[in-house]
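Dear colleague,

Please find below the structure that I am handing over to you, together with its sequence. My notes on what was found in it follow.

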Amino acid sequence: QLHSDQDKGDGSLKYILSGDGAGTLFIIDEKTGDIHATRRIDREEKAFYTLRAQAINRRTLRPVEPESEFVIKIHDINDNEPTFPEEIYTASVPEMSVVGTSVVQVTATDADDPSYGNSARIIYSILQGQPYFSVEPETGIIRTALPNMNRENREQYQVVIQAKDMGGQMGGLSGTTTVNITLTDVNDNPPRFPQSTIHLRIPESSPVGTAIGTVKATDADTGKNAEVEYRIVDGDGTDMFDIVTQKDTQEGIITVRKPLDYETRRLYTLKVEAENTHVDPRFYYLGPFKDTIIVKISVEDVDEPPVFSRSSYLFEVHEDIELGTIIGTVMARDPDSASSPIRFSLDRHTDLDRIFNIHSGNGSIYTSKPLDREISQWHNLSVIAAEINNPKDTTRVPVYVRILDVNDNAPQFAVFYDTFVCENARAGQLIQTISAVDKDDPLGGQKFFFSLAAVNPNFTVQDNEDNTARILTRRNGFSRHEISTYLLPVVISDNDYPIQSSTGTLTIRVCACDSRGNMQSCSAEALLLPAGLSTGALVAILLCIIILLVIVVLFAALKRQRKKEPLILSKEDIRDNIVSYNDEGGGEEDTQAFDIGTLRNPAAIEDKKLRRDIIPETLFVPRRTPSAPDNTDVRDFINQRLKEHDTDPSAPPYDSLATYAYEGNDSIAESLSSLESGTTEGDQNYDYLREWGPRFNKLAEMYGGGESDKDTS
């Protein structure tokens with residue numbers, strides 16, 4: 001309440017209020033000065049308000065006292081409950097944690113004044129989650145309350161925390177939140193095999209690397225804590241088998257390490273160990289973190305193909321051996337317990353020339369054709385072994401045959417020598433150096449000797465003892481006019497056993513040379529003459545051939561240009577009338593107007609004449625038609641033309657009976673020819689043409705109007 005000392009209680013003064021909330025939140029009684037609140041005040045919205053009050057004269061509105069300022073402070077009451085920033089919290093703690101391990105801290109806030117009373121003093125308590133977890137009342141830290149909580153038993157927990165003000169006393173306000181706590185995994189469980197022994201089977205024919213089977217140890221842990229490594233730690237098959245850990249499935253895959261043999265061993269025993277790869281030292285006391293299993297592997301018998309005693313064979317044989325000589329023997333056996341007999345054969349794709357053969361029973365390889373090292377030094381064969389009882393199971397082995405050399409080839413000149421001697425040559429002059437080659441390949445290398453087959457008065461040979469020899473002259477001067485060519489037989493022999501020799505003939509031409517010994521000309525014409533025709537003779541033959549070709553071409557051209565006599569001689573030919581009347585017919589569409597067969601000459605049909613330009617496919621009996629009236633003019637014309645064509649050599653080799661065929665009397669419309677009408681007396685009546693249909697309207701108009709035309713003229 002405000003009161004002025006000037007207020008005498010007569011109502012002459014008026015109180016006014018201004019400032020925070022004046023007129024809205026706070027109002028003043030202008031007569032008494034009492035200040036009232038218009039609604040409930042919330043300290044959490046505003047804790048104090050500054051107002052100004054003044055007393056004025058109601059009549060003059062002048063202040064009677066200076067304006068005074070005062071503050072209204074709002075006293076707090078406990079009208080707000082504690083609240084958490086999150087409705088649901090998520091937290092985790094490792095399993096097997098000790099009691100008191102901190103999980104998470106939750107904090108609530110209270111909007112009341114913490115400096116006034118206990119309205120904002122919060123105490124935390126746990127409503128749900130005991131006895132596994134606890135909460136510190138003052139701090140809100142949630143801790144584990146039980147030891148050795150196992151994730152494998154229970155993984156998820158839900159804890160409800162309450163925050164209460166007024167220090168937790170009765171009458172205080174409270175709020176709650178939920179905390180979802182997950183136990184995270186630690187490696188506290190060792191791997192365990194579900195059984196102590198397993199039995200696996202595998203055929204003995206399984207190749208290296210074949211998977212036999214799998215083993216798997218279970219681990220209650222997850223993630224890397226459940227990772228397991230497998231190994232073979234003991235057993236009688238440690239060198240025959242391997243085990244590989246499959247990371248994605250955590251299985252151990254047992255594979256074949258070496259080839260298996262049922263006849264050698266039928267059962268193997270392995271001891272396989274599974275161990276965790278990540279072990280936590282805190283839980284060593286729960287170990288050991290590994291387990292073992294016994295794996296027994298049975299090898300199953302399979303009908304195996306034969307096995308050769310070697311992986312390959314090498315035989316050496318001289319090229320001069322006799323046919324049928326055995327060059328070597330391959331051996332194979334049946335590895336099965338039945339020990340079936342073996343049959344051998346050669347793969348003919350490796351011996352296309354059939355030089356070798358093999359005994360099917362004992363595997364002996366022998367020659368069936370002569371050998372020649374100079375043709376082929378190596379022969380690569382493939383021998384096939386198959387069981388007689390099961391020929392489908394076969395095995396191959398390579399057989400390499402090396403042909404050893406025998407001195408069976410005589411040496412020969414290395415190249416063809418074009419040798420000449422100058423006419424002015426002197427005795428002892430070198431005219432050629434020769435060498436030799438030999439297809440044989442002796443161990444000590446090639447050694448050749450050169451000599452003359454007989455004493456020659458003109459030339460001699462001098463062996464250089466290095467597989468070459470020099471050809472020297474023995475006299476001065478040569479004349480190509482007397483003797484243009486000399487033949488010099490040279491004997492070449494080797495030094496291997498048996499000694500082989502051959503005689504090679506050198507052709508030495510006598511040539512004219514300059515002072516330096518350079519060849520200028522030789523008697524080439526004499527040397528070329530025996531070899532064939534001269535150049536002049538060849539030119540003459542070619543000219544004759546060309547002339548003959550020109551004559552043939554001209555004759556063919558003249559024959560093609562020759563023109564035959566035209567069939568129609570003049571416009572007055574009687575056939576012109578036939579052509580004209582054909583143009584007045586029914587056109588291309590008129591295919592049923594009359595039968596063209598009626599135009600055939602009955603006489604021609606009687607004679608059974610056939611065309612001479614083609615071979616008839618079938619002989620048929622011609623259909624006889626009644627004879628038509630004999631028209632002499634047409635018959636004579638046709639016969640005349642036939643005689644002309646038969647006697648004309650330039651005419652085609654076929655007749656034209658179809659073109660000049662005789663018109664019979666079988667036509668439905670009888671004859672339309674003007675030739676026949678000329679033989680009749682008087683005019684004819686063509687009115688019947690109108691009865692044949694629209695296709696003959698044109699013809700009816702042409703002939704039907706004849707009388708009117710004559711009358712008009």
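Which residue in β18 does Arg-231 stand opposite? The residue is Glu-273. Please bear in mind throughout that the model is predicted.

**The four-stranded sheet**

The pair just named belongs to an antiparallel pairing of β15 with strand β18, residues 267-276, which extends over seven bridges. These two strands are part of an open sheet of four strands with mixed pairing, in the order β13-β19-β18-β15. At its edges are β13 (197-203) and β15 (228-235), each of which pairs on one side only. From one strand to the next, the twist averages 30°.

Moving inward from β15, β18 is joined to β19 by nine bridges, and the two run antiparallel. Within this pairing, Ala-274 is found opposite Asp-291 of β19. The parallel component of the sheet is the pairing of β13 with strand β19, residues 290-300, where seven bridges are present. There, Ile-202 has Val-299 in β19 as its bridge partner. In a regular strand, side chains alternate between the two faces of the sheet.

**The disulfides**

The structure contains two disulfides. One of them joins Cys-422 to Cys-513, with an S to S distance of 2.1 Å. The angle about its S-S bond is -85°, and the link is left-handed. Cys-422 belongs to strand β30 (residues 419-422) and Cys-513 to strand β36 (residues 501-513), so this pair ties together parts that lie 91 residues apart in sequence. Cys-422 and Cys-513 are both buried.

A further disulfide joins Cys-511 to Cys-522, with S to S at 1.6 Å. Here the angle about the S-S bond is 105°, and the link is right-handed. Cys-511 lies in strand β36 and Cys-522 in strand β37 (residues 519-522), the two cysteines being eleven residues apart. Cys-511 and Cys-522 are likewise buried. When the bonded cysteines of the protein are numbered in sequence order, the pairing reads 1-3, 2-4. As for Cys-544, this residue is partly exposed, since its relative accessible area is 47%.

**The surroundings of Thr-473**

Is Thr-473 buried or exposed? With a relative accessible area of 3%, Thr-473 is buried. Thr-473 is located in strand β34, which covers residues 468-473. Its side chain reaches the backbone oxygen of Arg-426 at a distance of 2.5 Å. Leaving aside neighbours within four places in sequence, the residues in contact with Thr-473 include Val-421, Arg-426, Ala-427, Gly-428, Gln-429 and Ile-431. Asn-458, Phe-459 and Phe-478 are also among its contacts.

**Confidence of the model**

The pLDDT averages 81 over the protein, and 82% of the residues score at least 70. Two stretches call for separate mention. Over residues 524-532 the pLDDT is below 50, and this stretch has two contacts in the model beyond near neighbours in sequence. Over residues 603-628 the pLDDT is also below 50, and that stretch has 22 contacts in the model beyond near neighbours in sequence. Where pLDDT is low, the predicted coordinates should not be read in detail.

With kind regards

Note on methods. Residues are numbered from 1 along each chain as its sequence is written. This is a predicted model: local features need pLDDT of at least 70, side-chain atom pairs count only at pLDDT 80 or more; totals for chains, interfaces and linings use all residues. Side-chain values use heavy atoms; hydrogens and water are left out. Two strands pair if DSSP finds at least two bridges between them. Axes are lines fitted to C-alpha atoms, for helices over the stretch in contact, and angles run from 0 to 180 degrees between N-to-C directions. pLDDT is the predictor's confidence in each residue, from 0 to 100. Contact means heavy atoms within 4.5 Å. A disulfide is a pair of cysteine sulfur atoms within 2.5 Å. Buried means under 20% relative accessible area, exposed over 50%, partly exposed in between (1.4 Å probe, protein chains only). A polar contact is a pair of N or O atoms within 3.5 Å; within protein, one must be able to donate a hydrogen and the other to accept it, and residues adjacent in sequence count only if both atoms are side-chain atoms.
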